[in-house]
Amino acid sequence: MKKEDIEALKELLASSKKIAIIPHRSPDGDAMGSTLALYHFLLKLNHQPTVIAPNEFPNFLAWLPGSENVMIYEKEKESSMHILLDAELVFLLDFNALYRTGEMEHVLNKLTAPMVMIDHHQQPDGFAKYTYSNTAFGSTCEMIYNFISFLDRKDCIDKTIATCIYTGITTDSGSFRFPSTTSTTHRVVADLIDKGIENSTIHNLLFDNNSYHRLLLLGRALQNMKVFPEHKTSYISLSQKELDEFHYEKGDTEGIVNYGLTIKGIHFAAIFIEHRDENIVKISFRSQGDFDVNQFARTHFNGGGHINAAGGKSHDSLQETIKKFEKIISEISI
């Protein structure tokens with residue numbers, strides 16, 4: 001982060017302010033971990049922060065400290081808009097384009113308060129006055145740890161803040177197995193453990209707290225997997241009917257796409273999930289090596305993300321979307 005931006009933010013945060021903190025739509029562990037870590041940090045500095053999520057976050061993150069205070073824009077539009085319009089400073093975490101907030105984009109575009117973007121995705125938009133953007137980091141939570149350090153307030157990181165930061169680092173690093181996990185990441189985590197976090201308990205809450213129906217849905221997803229060895233590609237699809245059959249809840253499909261990459265010789269995996277209530281097919285892409293799924297998603301499926309992890313969407317039917325995907329992979333080199 002630029003030195004002049006750090007100094008400006010130190011000055012802005014020197015006195016109590018009304019602050020809004022925004023994650024992206026359909027927030028994951030990194031989005032919720034970073035927003036709640038910043039929320040608790042700002043409370044310690046005697047500010048008045050409010051986390052406003054564009055829509056509901058998954059149940060498996062509901063244990064995070066402070067999650068009960070998160071406002072959901074889709075459910076509380078009027079009060080959320082009031083807080084946003086009244087904010088003196090706005091933090092936007094774990095996304096780099098306002099459209100990632102869904103309906104909230106229209107409100108955010110009207111705000112006059114200075115915005116601070118902290119994010120690790122590629123090709124950021126220039127909407128924020130203060131930007132901390134670096135694709136070398138595996139998570140926004142690791143960047144929040146650094147941001148607190150930039151402000152010379154590492155002394156404020158307690159067990160609560162450390163727990164939130166650890167959650168985002170763990171989820172976005174694939175439990176520390178993704179290439180973006182560095183020696184510095186492990187040193188940060190070591191400090192968080194020294195702050196008293198219960199790392200094994202956090203891992204269990206995140207990954208070993210499945211419902212019976214989620215496991216049945218996973219089984220169906222694996223049954224639906226298609227593999228194309230000649231193109232080093234696999235994909236999974238789930239229809240709305242299948243989601244309904246297994247009593248789908250938000251977050252139930254988290255991580256399923258990664259199973260495709262566990263197959264020997266597969267370098268590119270995708271999952272296509274039909275959501276009729278939104279008239280959309282949501283897509284996640286994962287890759288190994290140098291195949292750039294960020295560029296693939298941007299080029300073909302109105303999305304983006306990281307080199308090895310990205311998302312997209314399609315307004316075509318599930319069948320048409322899959323047909324398009326199969327045609328594309330037959331024409332490119334992976």
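**Close-up 1. I273, a residue in strand β9 of this predicted model.**
We start with I273, which is found in β9, a strand covering residues 268–275. Is I273 buried or exposed? I273 is buried, because its relative accessible area is 7%, and the cut-off for buried is under 20%. Now look for S237: I273 and S237 are 36 residues apart in the sequence, yet their C-alpha atoms are 5.9 Å apart in space. If you skip the neighbours within four places in sequence, I273 is in contact with L238, L243, T253, I280, V281 and K282.

**Close-up 2. The second largest pocket and the residues that line it.**
K282 turns up again here, as one of the residues lining the second largest pocket. The volume of this pocket is about 180 Å³. Its lining is made of R25, N55, E56, E74, Y248, K250, H275, D277, E278 and K282. What kinds of residues are these? The lining splits into 7 charged, 2 polar and 1 nonpolar.

**Close-up 3. An open sheet of 6 strands.**
Follow the strands across and you get the order β3-β2-β1-β4-β5-β6, with parallel pairing. Which strands sit at the edges? They are β3 (71–72) and β6, and each of them pairs on one side only. As a bit of background, strands in a sheet pair through backbone hydrogen bonds, and they can do so in a parallel or an antiparallel way.

Let's walk through some of the pairs. Strand β1 (residues 18–22) pairs with β2 (residues 48–53) in the parallel sense, over 4 bridges. A20 has T50 as its bridge partner in β2. β1 also pairs with β4, again parallel and over 4 bridges, and here I19 has L89 of β4 as its partner.

**Close-up 4. Strand β4, covered on both faces.**
β4 runs over residues 89–93, and 5 of its 5 residues are buried. On one side you'll find L89, F91 and L93, and on the other V90 and L92. β4 pairs with β5 (residues 115–119) in the parallel sense over 4 bridges. One of the matches to look for is V90, whose bridge partner in β5 is M115.

**Close-up 5. Edge strand β6 and the helix lying across it.**
In a regular strand, side chains alternate between the two faces of the sheet. You can see that pattern along β6 (residues 130–133): Y130 and Y132 point to one face and are buried, while T131 and S133 point to the other and are not buried. β6 pairs with β5 in the parallel sense over 4 bridges, and S133 is the bridge partner of D119. Helix α1 (residues 3–12) lies across β4, β5 and β6, and it runs at about 125° to β6.

**Close-up 6. S175 and F176, with positive phi in the loop between α6 and α7.**
Most residues other than glycine have a negative phi. So which way do S175 and F176 go? S175 isn't a glycine, but its phi is a positive value near 60°. F176 isn't a glycine either, and its phi is also positive, at about 75°. S175 is in the loop between α6 (159–172) and α7 (183–194), and F176 is found in that loop too. S175 counts as partly exposed because its relative accessibility is 27%. F176 is partly exposed as well, with a relative accessible area of 23%.

Conventions:
Residues are numbered from 1 along each chain as its sequence is written. This is a predicted model: local features need pLDDT of at least 70, side-chain atom pairs count only at pLDDT 80 or more; totals for chains, interfaces and linings use all residues. Side-chain values use heavy atoms; hydrogens and water are left out. On a 1 Å grid over the protein atoms alone, a cavity is a set of points where a 1.4 Å probe fits but cannot get out, and a pocket is an open set with protein on both sides within 12 Å along at least five of seven lines; lining residues have an atom within 4 Å of a point. Grid points are joined across faces, edges and corners, and a volume is the space filled by probe spheres set on the points. Ala, Val, Leu, Ile, Met, Phe, Trp, Tyr, Cys and Pro count as nonpolar, Asp, Glu, Lys and Arg as charged, and the others, Gly among them, as polar. Buried means under 20% relative accessible area, exposed over 50%, partly exposed in between (1.4 Å probe, protein chains only). Helices (H or I, at least four residues) and strands (E, at least two) are DSSP runs, numbered from the N terminus. Two strands pair if DSSP finds at least two bridges between them. Contact means heavy atoms within 4.5 Å. Axes are lines fitted to C-alpha atoms, for helices over the stretch in contact, and angles run from 0 to 180 degrees between N-to-C directions.
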